[in-house]
Amino acid sequence: RPMLSATRPQPQRVFSGTPGGQKPAKMPAVSKGDGMRGLAVFISDIRNCKSKEAEIKRINKELANIRSKFKGDKALDGYSKKKYVCKLLFIFLLGHDIDFGHMEAVNLLSSNKYTEKQIGYLFISVLVNSNSELIRLINNAIKNDLSSRNPTFMCLALHCIANVGSREMAEAFASEIPRILVAGDTMDSVKQSAALCLLRLYKTSPDLVLMGEWTSRVVHLLNDQHMGVVTAAISLITCLSQKNPDEFKTCVSLAVSRLSRIVSSASTDLQDYTYYFVPAPWLSCKLLRLLQCYPPPEDGAVKGRLVECLETILNKAQEPPKSKKVQHSNAKNAILFEAISLIIHYDSEPNLLVRACNQLGQFLQHRETNLRYLALESMCTLASSEFSHEAVKTHIETVINALKTERDVSVRQRAADLLYAMCDRSNAKQIVAEMLSYLETADYSIREEMVLKVAILAEKYAVDYSWYVDTILNLIRIAGDYVSEEVWYRVIQIVINRDDVQGYAAKTVFEALQAPACHENMVKVGGYILGEFGNLIAVVTVLFCHLAPCSSTFSQRPRRLSKRCCAMSWLVHLQQTVHNSDQYYVQTSEVVSPVPQATVLEEMPPFPERESSILAKLKKKKGPGAVSVTELEDGKREGGELNGGGERGPETASTPSPSADLLGIRSVAPVGASLSSAGSLLVDVFSEAGPAAPSAAVNDDGFLRFVCKNNGVLFENQLLQIGIKSEYRQNLGRMYLFYGNKTSVQFASFTTTVSCPGELQSHILCRPQLNVQSKPVEPLVEGGAQIQQVLNIECITDFSEAPLLNIKFRYGGALQNLTLKLPVTINKFFQPTEMASQDFFQRWKQLSQPQQEAQKIFKASHGMDTEVIKAKLLGLGMALLDNVDPNPENYVCAGVIQTKGQQVGCLLRLEPNAQAQMYRLTLRCSKDLVSRRLCELLAQQF
Amino acid sequence: MMQFMLLFSRQGKLRLQKWYVPLSDKEKKKITRELVQTVLARKPKMCSFLEWRDLKIVYKRYASLYFCCATEGQDNELITLEIIHRYVELLDKYFGSVCELDIIFNFEKAYFILDEFLLGGEAQETSKKNVLKAIEQADLLQENIDFQTSLFAAPS
């Protein structure tokens with residue numbers, strides 16, 4: 001059955017290609033001008049072989065025959081050589097290796113018989129090997145044909161160069177071909193071959209193809225009378241323009257006038273270049289593609305003409321089709337899609353953009369699957385334009401429907417991409433919900449990517465972080481296997497950096513972990529979050545303990561193990577009773593039995609990148625450009641406004657934790673805060689200061705928030721976010737500083753210095769850890785990236801001051817300088833001490849000298865919630881002792897501060913007076929300065 | 001730019017391969033195997049385009065043969081589909097109602113026609129008349145020569 005017997009491909013099998021199948025062993029009906037009967041017989045034999053073995057046997061027989069002919073004494077005539085070379089080619093194309101015959105093929109090249117030459121060139125084109133001796137001979141033959149002035153021979157030689165395209169050929173011919181291309185007396189067909197031959201060589205060896213003096217003449221090929229010459233030349237010109245836009249920019253006006261002539265021509269004007277009533281569709285597409293190498297034309301007349309063309313193309317899409325054949329609509333729509341690409345590329349004609357969007361909207365519901373696919377794909381880029389973003393959004397229901405109902409996974413994939421691209425704050429909840437529900441039945445091949453997309457959207461458009469946490473946990477529930485490390489690390493990273501969501505996250509994972517079966521990733525996330533923030537559900541834990549008697553899910557057993565492991569089993573209430581869980585191990589196996597304990601006990605992973613570990617993954621998956629849509633979108637929508645509202649949710653720069661908010665210690669307005677409220681950047685103040693960049697006032701905004709906690713955001717302005725995470729043991733500490741560049745611009749010369757002012761130097765050692773990262777911090781911080789620095793801290797003796805962190809970097813040429821107080825306070829070196837009531841009061845009395853005691857009476861700055869107070873005292877690092885104070889309303893704590901030289905015993909008593917909303921805080925320490933310092937620090941925490 | 005074009009049968013037999021980018025034989029075989037499998041697994045009526053590795057595959061089935069082109073991401077899918085169609089038209093016109101057997105027995109002709117139509121992965125000449133004219137001129141040369149050789153040398 002002939003292939004073209006119907007417009008649609010025939011489902012019936014007409015010819016069997018398997019050697020063993022039933023098939024006609026007849027010769028082909030047409031064998032124009034072909035005398036190679038031996039070849040036809042051989043092909044028939046192969047097709048009649050009943051098995052693979054028989055085929056191999058027949059081939060080996062033939063190879064032996066050919067080899068003997070080639071080696072034989074009798075010189076072979078050209079015809080035989082041609083026939084055998086052709087047989088070798090056939091054998092090669094069947095998938096067998098060929099290791100001889102190259103020389104005979106090369107001999108054919110210098111035959112003066114066209115058909116022999118042609119087979120020789122075909123063999124070389126398909127089977128070239130980089131045998132240098134052979135290449136030299138081949139190049140010689142090509143050289144002869146190129147200078148033969150016989151256009152048919154010249155074309156064969158040029159085809160061969162274009163097919164092989166090796167560097168050796170570029171070296172031999174790159175300078176010759178431009179001459180052939182622009183010479184006045186070159187035949188059109190040779191010009192066409194020369195143009196594409198040159199293109200191939202340019203792609204292989206751009207350094208060898210020097211257009212120089214030829215540039216202008218090559219560009220003017222766009223004006224050539226012969227449409228075939230223009231069609232071939234424009235591919236070359238487009239490629240060259242991409243690499244050297246300035247040198248080729250005169251092509252813009254030529255391309256516009258050529259396009260205009262084609263678009264306005266009647267469907268018969270172009271004769272054989274009209275394809276199913278569409279004038280020159282290939283050339284039109286290429287012209288539109290060439291224009292996409294350039295910005296909109298500056299010349300008003302040229303631009304006007306082009307806009308007219310684009311409008312005509314859009315208008316034609318609305319006209320009734322001139323033919324019912326699919327070729328007609330395909331050719332017409334190919335031009336339309338290319339025109340829309342150009343409109344999107346210009347992104348400057350709102351009218352055209354909206355028309356393009358409407359047109360694509362029509363295609364979204366077209367009965368042709370191909371058009372629906374392309375419309376979804378094209379709309380994806382349209383969604384990134386500020387002019388058409390809203391118009392694209394109106395199609396959301398259609399796209400969601402496509403995601404649900406399309407039968408072809410590649411179309412559904414496009415729908416998912418488009419939903420991702422059209423997502424913004426207004427529709428994020430709907431889109432994420434749809435994607436999540438699609439994920440339940442999604443094809444395995446696209447699940448991982450869908451998971452990444454949901455994770456990115458949830459983070460990017462989180463209006464409240466509880467929604468974010470819910471979404472990610474749902475994601476793990478639905479597609480746990482596809483949630484990569486990047487995704488679940490990220491949720492932990494965000495929870496750590498956002499103290500307003502920590503409580504909610506802890507509560508939610510706590511609930512989630514009570515399900516009878518949890519995905520491993522859920523357990524991991526739960527483990528980390530509860531490990532860090534379990535204390536924040538102290539308030540609700542009590543409730544939980546009442547609601548769900550937990551005795552079956554956790555039993556405790558004292559044993560030394562890590563704190564995280566303890567937290568793993570989310571027994572916050574344990575922390576209240578036994579305080580620092582370092583010494584305790586909670587039997588976790590009942591809760592987390594599917595996860596090996598080794599996993600549970602793994603170290604918290606560091607967060608090397610603040611913004612885009614997930615995004616980077618998506619980019620890697622999809623190749624560059626795949627996520628550019630949304631990135632573009634960000635750049636555009638947020639414009640110059642740097643307090644990246646879109647990036648991090650509604651609250652950004654100065655989101656103090658609820659506790660810090662109420663501290664009322666901001667009598668001296670912190671530099672960052674006052675300036676950001678004035679709408680300018682902190683950095684602007686200093687940008688004028690020149691290279692000397694005076695040190696900024698010390699910012700201790702974040703400092704007091706960290707007295708009772710170790711992790712969180714220390715500082716944030718429009719440019720920079722600094723997060724910390726710290727661990728202390730005995731008199732040693734390690735602090736991880738995370739510097740996140742919130743902008744899309746690189747920070748240059750990024751340096752940080754930690755200094756201990758005055759006496760502090762002799763009291764603590766605070767230095768970047770060199771053995772972990774050879775460079776303390778990278779001198780460059782890319783836009784959106786996060787870098788990490790580790791500080792090792794050693795407490796030599798007790799201290800009151802705090803070390804200072806100075807950060808300098810260049811942002812857009814201006815030097816930024818920032819100094820922060822590092823939240824290293826004496827209480828970080830507490831070891832909790834458990835003791836009975838009797839011991840406590842005995843020691844309390846021993847520390848009775850006036851200078852050993854410090855006391856403060858102060859007004860409560862926060863609600864006097866028992867659980868909150870307990871959590872803070874635990875965070876302070878001392879042991880909270882129950883049943884010690886005769887008054888159950890009071891809190892007493894005990895701990896020992898570990899310095900290098902000595903241990904300082906400390907006792908604390910906090911007496912709340914709920915009626916007066918006051919506290920009395922008393923500290924007694926074996927060293928007087930310590931009492932005073934702790935009292936100062938703590939008095940600002942309640 | 002087109003990266004390669006493959007013609008294969010419903011049974012997965014490769015009938016023609018044209019590579020416009022340099023690849024090793026091993027890579028070519030691997031790509032062919034994977035792609036043939038992927039395309040054959042698709043149902044009729046599905047979209048003619050699919051993303052595969054970092055390429056865009058455009059394919060169409062004609063009778064028992066699949067025509068399959070790999071293009072770069074930004075290339076126009078619909079016009080590639082019509083490249084395939086024009087090539088089928090050229091084969092059809094040349095062989096007269098072309099069928100798979102014509103391509104098997106005259107594979108070299110299929111290559112020559114393709115070279116006149118596409119070069120280096122780009123359209124060289126889209127006019128059907130011009131492409132066929134070039135091929136027929138060559139055939140004319142060939143027929144004269146064949147006539148002579150058949151007189152003097154008996155083909156084996």
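Helix 4 of chain B has these buried residues: B:F107, B:E108, B:K109, B:A110, B:Y111, B:F112, B:I113, B:L114, B:D115, B:E116 and B:F117. The helix spans residues 107-117. Eleven of its eleven residues are buried, so the helix counts as mostly covered, with buried meaning under 20% relative accessible area. The model is predicted.

**Where the chains meet**

Chain A gives 98 residues to the contact, and chain B gives 82 residues. About 8,000 Å² is buried between chain A and chain B. Carbon and sulfur atoms give 57% of that area. On the chain A side, A:M3, A:L4 and A:W282 supply 11% of the area that chain A buries against chain B. No other three residues supply more.

Polar and charged pairs also cross this interface. There are 30 residue pairs in polar contact between chain A and chain B, both residues at pLDDT 80 or more. Five salt bridges are found across the interface. In one salt bridge the side chain of B:R42 meets that of A:D408, at 2.6 Å from N to O. Which helix of chain A gives the largest share of the side that touches chain B? Helix 3 of chain A, residues 78-93, gives nine residues.

**Strands 6, 7 and 8 of chain A**

Strand 7 of chain A covers residues 720-729. Eight of its ten residues are buried, so the rest of the structure largely encloses this strand. Strand 7 pairs with strand 6 and with strand 8, as the table shows.

| Strand pair (chain A) | Direction | Bridges | Hairpin link | Facing residues |
|---|---|---|---|---|
| Strand 6 (residues 711-716) and strand 7 | antiparallel | five | three residues | A:V713 and A:G723 |
| Strand 7 and strand 8 (residues 732-741) | antiparallel | ten | two residues | A:S726 and A:M735 |

The turn between strand 7 and strand 8 holds A:Q730. This residue has a positive phi of about 50°. Strands of a sheet pair through backbone hydrogen bonds, in either a parallel or an antiparallel way.

**An open sheet in chain A**

Chain A also has an open sheet of four strands, in the order 5-13-12-9. Its pairing is mixed. Which strands stand at the edges? They are strand 5 (698-699) and strand 9 (747-755) of chain A. Each has a single partner strand, so one side of each is left without a neighbour in the sheet. Strand 5 of chain A runs parallel to strand 13 (residues 814-821) of chain A, and two bridges join them. Here A:N699 stands opposite A:L820 of strand 13.

**Cysteines without disulfides**

How many disulfides does the whole structure hold? The search finds zero over all chains. Two cysteines of chain A serve as examples. The closest cysteine sulfur to that of A:C197 belongs to A:C160. The two sulfurs are 9.0 Å apart, too far for a bond because a disulfide needs them within 2.5 Å. A:C935 is in no disulfide either. Its nearest cysteine sulfur, that of A:C925, is 9.3 Å away.

Are A:C197 and A:C935 buried or exposed? A:C197 is buried, with a relative accessible area of 0%. A:C935 has 3% relative accessibility, so it counts as buried.

Definitions and conventions: Residues numbered from 1 in each chain as written. Chains lettered and ligands numbered in written order. Predicted model: local features only at pLDDT ≥ 70, side-chain atom pairs only at ≥ 80, totals over all residues. Heavy atoms only, no water. Buried < 20%, exposed > 50% of the residue type's maximum accessible area, 1.4 Å probe, protein only. Pairing = 2+ DSSP bridges. Contact = heavy atoms within 4.5 Å. Buried area = accessible area lost by both parts, 1.4 Å probe. Salt bridge = Lys/Arg side-chain N within 4 Å of Asp/Glu carboxyl O. Polar contact = N/O pair within 3.5 Å; in protein donor to acceptor, adjacent residues only side chain to side chain.
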